[in-house]
Amino acid sequence: MSNFENKFTISYANKEFSELLNIPSGTPLLEITQTVSSPDNQVVYINKQYILTSKYVYAVRSYK
């Protein structure tokens, strides 16, 4: 079974992101870094996202 970790932080749009997202520089973005590790703790996947929260909602669900 794999292990995963999601880290949520706030970052601010720099010049590159502001141009790509068509937003003002300094606009707050939700930064999510997801790391997936194998059972022996070897990193097998890293995903980083920068989310403009006025356009996208991040939701997490858990089922038992």
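Start with the salt bridges, of which the structure holds 3; the term is used here for a side-chain nitrogen of Lys or Arg within 4 Å of a carboxyl oxygen of Asp or Glu. The model is a predicted one, in which local features need pLDDT of at least 70 and side-chain atom pairs count only at pLDDT 80 or more, while totals for chains, interfaces and linings use all residues. Residues are numbered from 1 along each chain as its sequence is written, and side-chain values use heavy atoms, with hydrogens and water left out.

Select Glu5 and Lys7, whose side chains meet in a salt bridge at 3.8 Å, N to O. Glu5 is partly exposed at 41% relative accessibility, and Lys7 is likewise partly exposed, with a relative accessible area of 48%; buried means under 20% relative accessible area, exposed over 50%, and partly exposed in between, with a 1.4 Å probe and protein chains only.

Next, select Lys15 and Glu19, which form a salt bridge whose closest N and O atoms are 2.8 Å apart. Both residues lie in helix α1 (residues 15–21), where they are 4 residues apart, about one turn of the helix; helices (H or I, at least four residues) and strands (E, at least two) are DSSP runs, numbered from the N terminus. Lys15 counts as exposed at 59% relative accessibility, and Glu19 counts as exposed at 54%.

Then select Glu31 and Lys48, a salt bridge with its closest N and O atoms 3.3 Å apart. Glu31 lies in strand β2 (residues 28–37) and Lys48 in strand β3 (residues 43–51), so the pair ties together parts that are 17 residues apart in sequence. Glu31 counts as buried at 14% relative accessibility, whereas Lys48 is partly exposed, with a relative accessible area of 44%.

Stay on these two strands and display the backbone: β2 and β3 run antiparallel and are joined by 8 bridges, where two strands pair if DSSP finds at least two bridges between them. Glu31 stands opposite Tyr50 in β3, and further along β2, Thr35 stands opposite Ile46 in β3. Follow the chain into the turn of the hairpin that β2 and β3 form, with 5 residues between them, and pick out Asn41, which has a positive phi of about 65°.

Widen the selection to the open sheet of 3 strands, which has the order β1-β2-β3 with antiparallel pairing. Its edge strands are β1 (3–12) and β3, each of which pairs on one side only. The twist averages 15° from one strand to the next, with axes taken as lines fitted to C-alpha atoms (for helices over the stretch in contact) and angles running from 0 to 180 degrees between N-to-C directions.

Finally, show the whole protein chain, whose secondary structure comes to 1 helix and 3 strands, running β-α-β-β from the N terminus on. The radius of gyration of the protein chain is 15 Å, well over the 11 Å that the globule rule gives for 64 residues, so the chain is more spread out than a compact globule; this radius is taken over C-alpha atoms, and the rule is 2.2 Å times the number of residues to the power 0.38. Along the principal axes, the C-alpha atoms fill a box of roughly 40 × 25 × 15 Å. Colouring by accessibility picks out the 25% of the 64 residues that count as buried.
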